[in-house]
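Thanks for coming. I'll take two topics today, a pocket and then a sheet, so please have the sequence and the structure up.

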Amino acid sequence: MPLNEWEKIRHLLVVQDLQGQRTIPLQETTYSIGRDSRNAIVLRSRSVSRQHAILLRVTLPESDQYGFRIIDGNFKGKPSTNGLYINGTKCFSHNLQHGDLIAFGNSQVQAQYYAISNISEKAFSEGCAIEDLSDFLLDQANSANPFQTLIIDPNFEAASETALARLASFPELIPNPIIEMDLEGTITYLNPAAATKFPKIKEVGKVHPVLAGLLNAIQERNINSFWREIKVDKEVFEQCIHYLPESDLIRTFIVRDITEQKQAEAELRQRDRLLQAVAEAANYLLVEMNYETGIDKGLAVLGEAAKADRAYLFKNHRHLDTGEMAVSLQFEWTRNNFLSSRHHWQNQLYQSSALARWYASLSNGQSISGSIKEFPADEQKLLARDSIQSLLLVPLRLDDEFWGFLGLADCSEQRLWSRHEESTLLTMAASISAAWHRQQAEERIRFQALHDMLTGLPNRLLFDQILAKALPNAARNGESLAVMFLDLDRFKIINDTLGHSLGDKLLQSVAKRLQESLREGDTVARWGGDEFTILLPQVNYLDEVTQVAQRVLQALENIFYLEGHELYVSASLGIALFDEHSHDAETLIKHADAALYHAKDKGRNNYQFYTTTLSGKTPELLNLEKNLRYALERQELTVYYQPRVNIATTEITGMEALVRWQHPDMGLVAPSIFIPLAEESGLIIPIGEWVLKTACKQNKAWQMAGLPPLTIAVNLSPKQFRQSTLVEDVARILTETGLEAHFLELEITESTAIADLDFTTSVLYKLEAMGVHLSIDDFGTGHSSLSRLQLLPLHNLKIDKSFIQELTTDVRAAHIVKAIVSLGRNLGLKLTAEGVEKQEELDFLKSINCEDVQGFLFYRPLSAEKATEALESQVQTFE
C-alpha cells in the first residue's frame, strides 16, 4: 500500500436511528444533519429537529490532515429542540475524536464517530458496508495489521477564538479554496478545499502559481482588493485577492474554475479566426480575376488562421506515362522558414502503398486527420520527407466527382485537429470547388462567346477584336493588312439535300482546310452560316495576299469524303486591303463583303479585290440579311395570331402563330421577303425556335387568365423540321412554358412531308407520342395523295388558299376541295380551309361539311393584345 494511502486518516460516522444502522464515510467539507429529507444525513425520528446539527471539516494545525467539528443547530444559528449530547454531555460544539458517541436529543438516535488510518481504500470501502463496525475494528487491530487511531488535541487551533471567527464566516464549509499568507510569504491558513485542490501548496510555498507574484502585486497596487486569472498546470482559475493591512495578511479566494470557459473562449477565438479566414479566402476566390492568384491568397489566410506550417491543394489527373489515376501538388503555402515541397508531390500514383488508403477515404468523402505516428509506415515515410508531424486532409468534390484534396500540415508538433478546423477546411474545399467550377464555366463561356461552337474557329466578335488590334500595329509598322470574306458556293444545295448533320460536318472539314492553308499569324473566323472571314495582319506585297487566296481556293478543290458521300464545294472570296479607302475595321469588312458579291457575279470559285467602283453594286438583299441577323437580338420580331373559326358555331377553336418583322427603319417587312432569306441563311432555325416558344408561352398565359383552352398552331420550316434535335427542342419548350402537349399543333407543308417520307414518319410519330397535334399545311400543292399521307399520324389538314380563292370561279377547284374534305373526313382528320375572304366561299365550305376556316372574312392576323380581346369577347358572347 503506498505511503500516502497508509498515512491517510479516514473518517466514519455510524448512525443508528429508528430505521436501523448505517455507516457513512465522511468525505465532504460539511454535512447538515436532521430529520428533513433535504439534509445530507437524514435521521428518522420525531425527536430530532428538522436541521439538528452541522458537521464541519476542520484543518488540523501543522499538518495536511483534518478532523470534524459538530455544532448544534442550523446554519442560521438556531439551536435544536432537544439538544446535542457528546458522550452523555450536552454541548453546543465539539471537536470529534475517535470513538465519540453522539446523541441527538435522546438515546433513540445516536451516531459514533471513527477516525482511522493504516488501512487501504479497499478495506475502508468494505468496512463501510459492514453492519457491525466494532467487529471490523477488532479484526483490523491485530499484530499483522496494527490499527491506529487519531487523537485530536481538544485545544488545537480550530478551538481558538481565531478558528471560531473563521467558522463564523464558514471558510471551512465552502467548496472554494481559501489561502492566507503573511507578508513574509508564509502560508498561515488553508481551508479544506484549498488543501484538497492544491496538495503541494504548503511544500511549494509562495512560488506556487496560486501565490506567485502576490507580494509584488500588493506592493505595486494602491487598492487592497483585486482579481486575476491564474493557471495551475492545465487548469485556469479566477482568483480574488484581499490584503488585510491591520493583520499584514493576504487572503486569496479561488472564485471558480474557468478552465472550460477559457478552452471554450480559445476555441471560439480560433473558430472566429478560421471563419474570418474562410470568408476572406472566399472573397479572394470570388473577386480575383485570376483563379490561381485567388487560390494562393486563400491558402495563405487559411494556413495563418489555422496556425499550420503548410497548406496544400492537390489535383487528380491521369499519369502522363501510364494513364493511371495520379495526384500532383498544384498550390502550396508554407511559413517563411519552410521550403516548398512541390517537387516531392508530382505525378504520385494513388495505387502506391503510400496513397492507396488516402484515395479510398477521400474518394468516399471522408477526411484524413491525425498525427503521422498513427499512420501506416509507408505513409510516414512519404510525409517524413517534409518533416510533417500532423496532417489534415479533406476531399475536393464537384458534382459528386472527387477531383483532388485540400490539406493542412503541422511540422512543429504532434497535433489533434479540432472539428472546427476540419469543418473550416471542408468549407474552404467547397469554396475552392465552386471557384474551380466557376473558372471552368467562365473559360467555357469566354470560349463560347468568342468561338464558333461547330468549327471551334473564332467567331465574329473575336475576329473584330483581333482586327481592331491589328490595325494600329499595321499603321505603326508602315504595313498593310488584308481582310477576306469567303462564302461557300452550292453549300445550301448540299445542306438541303443531304441534311443538316452532314452540312455541319462539311463546315468542320472546310474550317480545318482553311486553317491549314493560312500563314502563321493569320486568322480565319466563321462569320455565320457558310461564311468565313480571314485576316492577314502583315502584308507588304500584293502577291502575298494573292498567294493566300489561291491556296484557299485550291484547298477546297479536293473532294470531301463524308459518310460515304463525295462532296464538291468551291468558294467565292472578296478581299479588302487596309488603305485610304478602307481605313477602319467596319469599312474593311464592308468592302470585303462587296468584293465577295462581285466574285459571285463573276461566276463564283474566284477571288476579287475591292475597288471603289464596287461600292454601289452591293445587292439590296445583303443589307436585309445583315439586319435580319440582329432582328432577334434587337427584339424586332413579333408574333401575330390568326384565329381558326368553327364554321357551324363561329367559335374560335384555335390560333395560328405568324411571325412579323417590324424594322425600325424599313418598317414592316413582308414575310414573303424575309422568310425565304432566313431559310437560305440558316437564320430560320433560331427564329423558328423563338416563335415556337413565344406561341406556347402566350397560349399558357391565355389559359392562366381563365380563357377557354385552345390549340396554338406553329409552322415548321423545312430546315427546322429536319433538325436532329427537333423532338427534344419541342419537349424542352413545352416544359419551360408549362403548356400541355395537346394544346400545341405543329404544321409542316405537304412538300416537306413527302420529301423523305421515312424520316417524316419517324419524327411525326415521336411528336404524336408526346401528345402534340400534327397538321399538313397548304395541302393540295405538293403533288401528293392522301393515300401516302395516311401513313402519317396526322390530326388536321389545311387546304391551301389557292384552291379556296378559285372556288367561285373554277369548278375544278370546287371539286378538288370537296374531294379533299370527303377523303379527309373518312380518314378521321379535321379540315381547315385557309384564306377564306368571301361569304360565298364560306357557304360552299359549310355545304360540304368543312369544319374550320381561317381568313380575313373573320379575322386578320392579330397582335397578342388584340387576340386576347377577341377571345375575351367570345367568352362574353357565348355566356
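Before the pocket, a word on naming: helices and strands here are DSSP runs, numbered from the N terminus, with at least four residues for a helix and at least two for a strand. Also keep in mind that this is a predicted model.

Let me start with the second largest pocket, which holds about 930 Å³ of space. Lining it are 34 residues, and Glu656, Leu658, Asn715, Asp777 and Asp778 are the closest to its centre.

Which elements supply at least two residues each of that lining? On the strand side there are E32 (652-663), E34 (711-715), E35 (744-749) and E36 (773-779). The helices are H19 (671-681), H20 (684-704) and H21 (718-721). E32 gives the largest share, 5 residues. Sorted by class, the lining has 14 nonpolar residues, 10 polar and 10 charged.

Now the sheet. It is open, has 5 strands, and runs in the order E14-E13-E17-E16-E15 with antiparallel pairing. At the edges sit E14 (187-190) and E15 (225-232), each pairing on one side only. On average, neighbouring strands in this sheet are turned by 25 degrees against each other, ignoring direction.

For one pair in detail, take E13, residues 178-182, and E17, residues 249-257: they are joined by 5 bridges in the antiparallel sense. Glu180 has Arg251 in E17 as its bridge partner.

What packs on this sheet? Helix H8, residues 259-287, does, touching E15, E16 (235-244) and E17. The direction of H8 makes about 125 degrees with that of E16.

That's what I have; I'll take questions.

Technical notes:
Residues are numbered from 1 along each chain as its sequence is written. This is a predicted model: local features need pLDDT of at least 70, side-chain atom pairs count only at pLDDT 80 or more; totals for chains, interfaces and linings use all residues. Side-chain values use heavy atoms; hydrogens and water are left out. On a 1 Å grid over the protein atoms alone, a cavity is a set of points where a 1.4 Å probe fits but cannot get out, and a pocket is an open set with protein on both sides within 12 Å along at least five of seven lines; lining residues have an atom within 4 Å of a point. Grid points are joined across faces, edges and corners, and a volume is the space filled by probe spheres set on the points. Ala, Val, Leu, Ile, Met, Phe, Trp, Tyr, Cys and Pro count as nonpolar, Asp, Glu, Lys and Arg as charged, and the others, Gly among them, as polar. Two strands pair if DSSP finds at least two bridges between them. Axes are lines fitted to C-alpha atoms, for helices over the stretch in contact, and angles run from 0 to 180 degrees between N-to-C directions. Contact means heavy atoms within 4.5 Å.
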